Amino acid sequence: MKHIVIIGGGLSGLAAAYELQKTHPNYTWELVEKDEKFGGKFETVKRDGFIIEKGPDSFLARKPAGVGLVKDLGLEDKLIANATGRSYIYHQKALHPIPEGSVMGIPTDKEALLASTLISEIGKARALQEPTIAPNNQETDQPLGEFFEARFGKELVKTIIEPLLSGIYAGDIYKMSLRATFPQFEQTVKKYGNLMDGLKESGMQTTGTKGTIGAFRTLEGGLDRLPQAIADALPTENLHTAKQATQITKKNTSYEISFADGDKKEADGVIIAATHDALIHLLAETTTAPFAGQPLTTLATVSLAYDEKDVPILPDGTGYLVARTAPYKTTACTWVQKKWPHMVPKDKMLLRGFVGKAGESWLEQASDEAIVTAVLTDYAEIMDLHAAPLFYEVSRMKSAMPQYLVDHQDRLKQLKKNIQTDYPGVYFAGMSYEGVGIPDCIAGAQTAVTELADFLEEV
C-alpha cells in the first residue's frame with residue numbers, strides 16, 4: 001500500500017488530505033504541520049459580539065473549488081454573501097467613488113468615467129482613446145502596469161487601476177506578471193480588440209459600484225470554520241502538529257523526510273503544501289533555482305471596534321482603497337458593518353485596515369501599538385476619525401503574500417520540470433504558484449493529489 005506524506009497544515013495541505021482520503025482510500029497518508037495548530041492564516045476572533053477575521057475574510061464565489069468544498073463538507077447552508085455598495089479611492093485628500101461600471105478599476109462606461117472626480121479631464125480624454133488603441137499581441141509576458149498604461153494612460157492607471165489590482169497581491173503592478181495574475185484582460189483585448197467594449201460585451205461582473213451582486217462568500221460564525229471542518233473530517237491519528245520537516249531525501253523509489261525533532265518518515269509520494277520558501281528549504285538548491293529570490297510580502301490587518309456615535313458619518317459604501325505609492329501606511333479599509341453586517345453588533349462599527357506593501361519591511365519589527373498608531377494616523381486624515389477605539393485586534397502575517405513577478409509562468413514551468421526530474425513523486429500546492437485566493441489553493445491541492453495518484457499508478 002502506497003504511503004503519502006503531506007507537508008503543511010494550512011488550507012492547501014488540509015484540502016490535499018481531504019481530497020486524498022475522498023478519492024484514493026487505498027492509500028495511507030499523514031499530514032504534518034510545523035505549528036501547534038492547523039489552519040495556517042485562518043483565525044476568527046469573537047469578542048463583545050463582534051466577529052473579527054484576522055486572516056482571510058472571504059472567497060470568490062465564481063471560482064468553483066471554494067463553494068464546491070464547502071458543499072462537500074455540508075456547510076452550504078452556512079454560506080453568507082457580502083452586502084454590496086460603492087467602494088472609494090482616497091485621492092488628493094478626498095474619498096472619490098470608483099466610477100460605475102468598472103471592472104477592477106477598468107472603465108467600461110464612458111459617461112460614468114466622464115462624471116468621475118478621480119481623474120483630470122486630460123486623463124479622461126486619454127483613457128477614452130482605449131477603444132482605438134491597437135492590440136499589443138506580444139509573445140512574451142509583461143508587467144500589469146505597462147499593459148494598462150499603454151491602453152488607458154498613466155493617470156487612470158495610477159489613480160484607479162493600481163489601487164485595486166495591487167491591493168489583491170500587495171504588490172507593485174509595474175513588476176507583477178500580467179499572464180500569471182489577470183490573463184483575462186489580455187485575452188479580452190485579443191478577442192474583442194479593446195478592453196472597454198470587450199469587458200462590457202463579455203458580461204464580466206463590475207466591481208466597486210452600487211449595482212453589483214455580492215461576489216464574495218464567508219461562513220456564518222467565521223471563515224475559520226472551513227479549515228476546522230476539513231480537519232474534523234480527517235482521522236486524528238493521521239494529523240501531526242509541531243512537526244517541522246527539514247529535508248526530503250530520495251532513496252531509490254521512495255523518500256525520507258527528516259524533521260527538526262530528529263524523527264524520519266518514509267513515503268512513496270510527498271505533497272509540499274506551502275509557499276515556495278518552504279519548498280526551497282526542503283529540496284535541493286539546483287532543483288528550486290527558478291524560484292530562488294522570489295519575494296514574499298509581510299502583511300498586517302488591524303481591526304478597530306467603535307461605537308457608531310463616535311465615528312464621523314461615512315459615505316454610503318463598503319470601504320476604500322489607497323494607491324500603494326501614496327504616503328500612507330494603510331492600503332485599504334473595509335467598513336465591516338456595511339460589507340458584512342452579521343459580523344458587527346447593532347450601533348457598533350468595525351473598521352478593518354490593511355497594511356503592507358511589496359518591498360517594505362517595517363512591519364516585521366514594529367509593535368502592535370506602533371502599527372495601530374500608524375493606522376489611526378491615516379484614519380484621522382482620511383475619515384476625520386479621532387476617537388479612541390473600544391478595542392483593536394492586530395494580525396501580522398510575516399512573508400505571507402507571494403509576488404507573481406513578470407515571467408512567473410515560465411519559472412513555474414521550469415520548477416515543475418526540475419522536480420519531475422530530480423524528485424519524481426514529489427508535488428506541490430499553495431499560494432505561490434497558480435493563484436493566491438482560497439479557491440485557487442483548494443484547486444491546486446486537488447490537482448496535486450490527482451497528479452501524484454496518477455504517478456503512483458504508473459509506477
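I count two residues as in contact when heavy atoms lie within 4.5 Å. I am working on a predicted model.

**Entry 1: Ile272**

I started with Ile272, which sits in strand E14, residues 269–273. Is Ile272 buried or exposed? Its relative accessibility is 0%, so Ile272 counts as buried. I then listed its contacts, leaving aside neighbours within four places in sequence. Ile272 is in contact with Ile7, Ile248, Leu279, Leu282 and Leu283. It also touches Val426, Tyr427, Phe428 and Ala429. I took one distance as well: Ile272 and Gln184 are 88 residues apart in sequence. In space they are 29 Å apart, C-alpha to C-alpha.

**Entry 2: the cores**

Next I looked up the nonpolar cores. In soluble globular proteins, nonpolar side chains tend to be buried together. The largest core here has 81 residues. Which element gives the most to this core? Helix H16 does, with nine residues. The residues with the most contacts inside the core are Ile6, Phe148, Phe152, Phe185, Leu195, Leu226 and Ile230.

I followed up Leu195. Not counting residues up to four places away in sequence, Leu195 touches Phe147, Phe148, Phe152 and Phe185, among others. Its contacts also include Ile106, Thr188 and Val189. Two charged residues, Glu130 and Arg151, are on the list too.

There is a second, separate core of 28 residues. Ala300, Ala326, Trp335 and Ile371 are among them.

**Entry 3: the second largest pocket**

I moved on to open space. The second largest pocket has a volume of about 400 Å³. I find 21 residues in its lining. Lys416, Phe428, Glu434, Thr447 and Glu451 lie nearest the centre. Phe428 was already on my list of Ile272 contacts.

Which elements each supply at least two residues of the lining? They are helix H15 (408–422), strand E20 (426–429) and helix H16 (438–458). H16 has the largest share, seven residues. By class I get 11 nonpolar, six polar and four charged residues.

**Entry 4: Asn418**

Asn418 is in helix H15. Its relative accessible area is 15%, and the cut-off for buried is under 20%, so Asn418 is buried. Not counting residues up to four places away, Asn418 touches Thr286, Thr287, Pro290 and Tyr423.

**Entry 5: closed cavities**

Rolling a probe the size of a water molecule over the atoms shows where empty space is left. How many cavities of 30 Å³ or more are there? I count three.

The largest cavity has a volume of about 50 Å³. Its lining is Ile52, Glu53, Asp57, Ser303, Val336, Trp340, Met343, Leu350 and Arg352. Strand E4 (50–53) and strand E18 each supply at least two of these residues. The lining divides into five nonpolar, one polar and three charged.

The second largest cavity has a volume of about 40 Å³. It is lined by His276, Phe291, Gln294, Pro402, Gln403, His408, Arg411 and Ser432. By class, this lining has two nonpolar, five polar and one charged residues.

**Entry 6: positive phi**

I checked two residues for backbone angles. Gln92 has a positive phi of about 50°, although it is not a glycine. It lies in the loop between strand E7 (87–91) and strand E8 (94–97). At 67% relative accessibility, Gln92 counts as exposed.

Asp347 is not a glycine either, and its phi is positive at about 65°. I place Asp347 in the loop between helix H12 (336–339) and strand E18 (348–355).

**Entry 7: Thr318 and the cysteines**

Where is Thr318? It is in the loop between strand E15 (296–307) and strand E16 (319–322). Thr318 is buried, with a relative accessible area of 10%. Its contacts, not counting residues up to four places away, include Ala83, Thr84, Gly85, Arg86 and Ser87. Cys333, Thr334, Trp335, Lys338 and Lys339 are on the same list.

Cys333 itself is at 2% relative accessibility and counts as buried. Cys441 is buried too, at 8%. A disulfide is a covalent bond between the sulfur atoms of two cysteines. I searched the whole structure for disulfides and found zero.

Key:
Residues are numbered from 1 along each chain as its sequence is written. This is a predicted model: local features need pLDDT of at least 70, side-chain atom pairs count only at pLDDT 80 or more; totals for chains, interfaces and linings use all residues. Side-chain values use heavy atoms; hydrogens and water are left out. On a 1 Å grid over the protein atoms alone, a cavity is a set of points where a 1.4 Å probe fits but cannot get out, and a pocket is an open set with protein on both sides within 12 Å along at least five of seven lines; lining residues have an atom within 4 Å of a point. Grid points are joined across faces, edges and corners, and a volume is the space filled by probe spheres set on the points. Helices (H or I, at least four residues) and strands (E, at least two) are DSSP runs, numbered from the N terminus. A nonpolar core is a set of buried Ala, Val, Leu, Ile, Met, Phe, Trp, Tyr and Cys residues joined through side-chain atoms within 4.5 Å. Buried means under 20% relative accessible area, exposed over 50%, partly exposed in between (1.4 Å probe, protein chains only). A disulfide is a pair of cysteine sulfur atoms within 2.5 Å.
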